[in-house]
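Work through the exercises below with the sequence and the coordinates side by side. Try each task before reading the solution that follows it.

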Amino acid sequence: METISTGPRDRRRCHVLGVPVDACRDVAASAIGLHGEGGGQIVTLNAEMTMRARQDSDLGAVIAQADLVVPDGAGVVWALGRQGVRVRRSPGIELAWSLLSYAEAHDWSVALVGGSPEVMERLKTTLARSHPRLRLLMAEHGFQASEAWPALESRLRGLRPDLVLVALGVPRQEVWAKSMRQSLPGLWMGVGGSFDVWSGLKQRAPEWTSRLQMEWLFRLLQDPSRWRRYLVLPQFAWAVLRAGGRRR
């Protein structure tokens, strides 16, 4: 495990099965601190993404180069604990919502990219009620035709927002955010299904499922088509157990 001096971010870069993840005293403060340093990419890591990054070199490279990798999943927190690294789980949906609230309070400009057309329309209405002073410069769904993306990206480059939340699914959202972030400031963060929940079209798992580490089961009941994705969870657990307490 390597300790990195990052000033106000105060984080340690650790690894789970060779995939980097950061242990922070205050994840939100670390994320906001990135903005003051010119911006950066935030990745939220869970067991499924960890296993995928070991097979997908592009995703693995994005995570390795990310400025902040948050322990989003209970499996990642458990794996770090086996190394003696005690961290709290930091759900990406909560971090992203905190950043939206901070953006509203501090007059940051915001862009949202991703989700279905219906989700994005509902989300704009929801945010107008929950964050009436939010400076929302762009809110575009992710079901764009391939020929429409260059214009969307050009517009985004011209706007230069302080915060960009991207809901295109893993690994597309991480890879796309990385390619855009190279020429732009601001915070860039993949948020998965957060737009679906914020728009009201899907329900977030109850708190008790988080305490019992069973959020995956709630999501599976909501969307049974996800079952194949969860086959990776026992593979992750077995790989961590085989690794023992080694810091790797």
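**Exercise 1: a strand and its sheet**

Both faces of β9 are covered, since L187 and M189 on one side and W188 and G190 on the other are all buried, where buried means under 20% relative accessible area, exposed over 50% and partly exposed in between, with a 1.4 Å probe and protein chains only. The model is a predicted one, in which local features need pLDDT of at least 70 and side-chain atom pairs count only at pLDDT 80 or more, while totals for chains, interfaces and linings use all residues. Residues are numbered from 1 along each chain as its sequence is written, and side-chain values use heavy atoms, with hydrogens and water left out.

Task: establish which strands pair with β9, and in what order the strands of the open sheet run.

Solution. Begin with the elements themselves: helices (H or I, at least four residues) and strands (E, at least two) are DSSP runs, numbered from the N terminus, and two strands pair if DSSP finds at least two bridges between them. Strand β8 (residues 163–167) is paired with β9 (residues 187–190) in the parallel sense over four bridges, and L163 stands opposite L187 in β9. β4 also pairs with β9 in the parallel sense, over three bridges, with Q41 opposite W188 in β9.

Next, extend the order outwards: the open sheet has six strands, arranged β5-β4-β9-β8-β6-β7 with parallel pairing. β5 (68–71) and β7 stand at the edges with a single partner strand each, so one side of each is left without a neighbour in the sheet. Neighbouring strands of this sheet are turned against each other by 15° on average, direction ignored.

Finally, add the helices, taking contact as heavy atoms within 4.5 Å, and axes as lines fitted to C-alpha atoms, for helices over the stretch in contact, with angles from 0 to 180 degrees between N-to-C directions. Helix α1 (residues 27–36) packs on the sheet, where it touches β4 (40–45), β5 and β9, and its direction makes about 165° with that of β5. Helix α7 (residues 149–159) also packs on the sheet, touching β6, β7 and β9, and its direction makes about 170° with that of β7.

**Exercise 2: one face of a helix**

Task: determine where the buried residues of α6 fall when seen down its axis.

Solution. Helix α6 (residues 117–130) has 14 residues and reaches 20 Å from its first C-alpha to its last, close to the expected 20 Å, a span given by 1.5 Å times one less than the number of residues. Its buried residues are V119, M120, L123, T126 and L127. Seen down the axis of α6, these buried residues fall within an arc of 125°, so they line one face of the helix; the arc is that of the directions from the helix axis to the C-beta atoms. The elements that cover the buried residues of α6 include α5 (92–105), β6 (109–114), β7 (135–140) and α9 (194–198).

**Exercise 3: two helices in contact**

Task: describe how α2 and α3 pack, and name the residues that meet.

Solution. Helix α2 (residues 47–55) and helix α3 (residues 57–65) pack at an angle of about 115°, and their axes are 6 Å apart. On the α2 side, M49, R52, A53 and Q55 meet S57, L59, G60 and I63 in α3.

**Exercise 4: backbone exceptions in loops**

Task: locate the cis peptide bond and two non-glycine residues with positive phi, then state whether each of these two is buried or partly exposed.

Solution. The peptide bond from V170 to P171 is cis, with omega near 5°, and P171 is found in the loop between β8 and α8 (172–181). L17, which is not a glycine, has a positive phi of about 50°; it is found in the loop between β2 and β3 and is buried, with a relative accessible area of 10%. R160, in the loop between α7 and β8, has phi near 50°, a positive value in a residue other than glycine, but R160 is partly exposed, with a relative accessible area of 47%.
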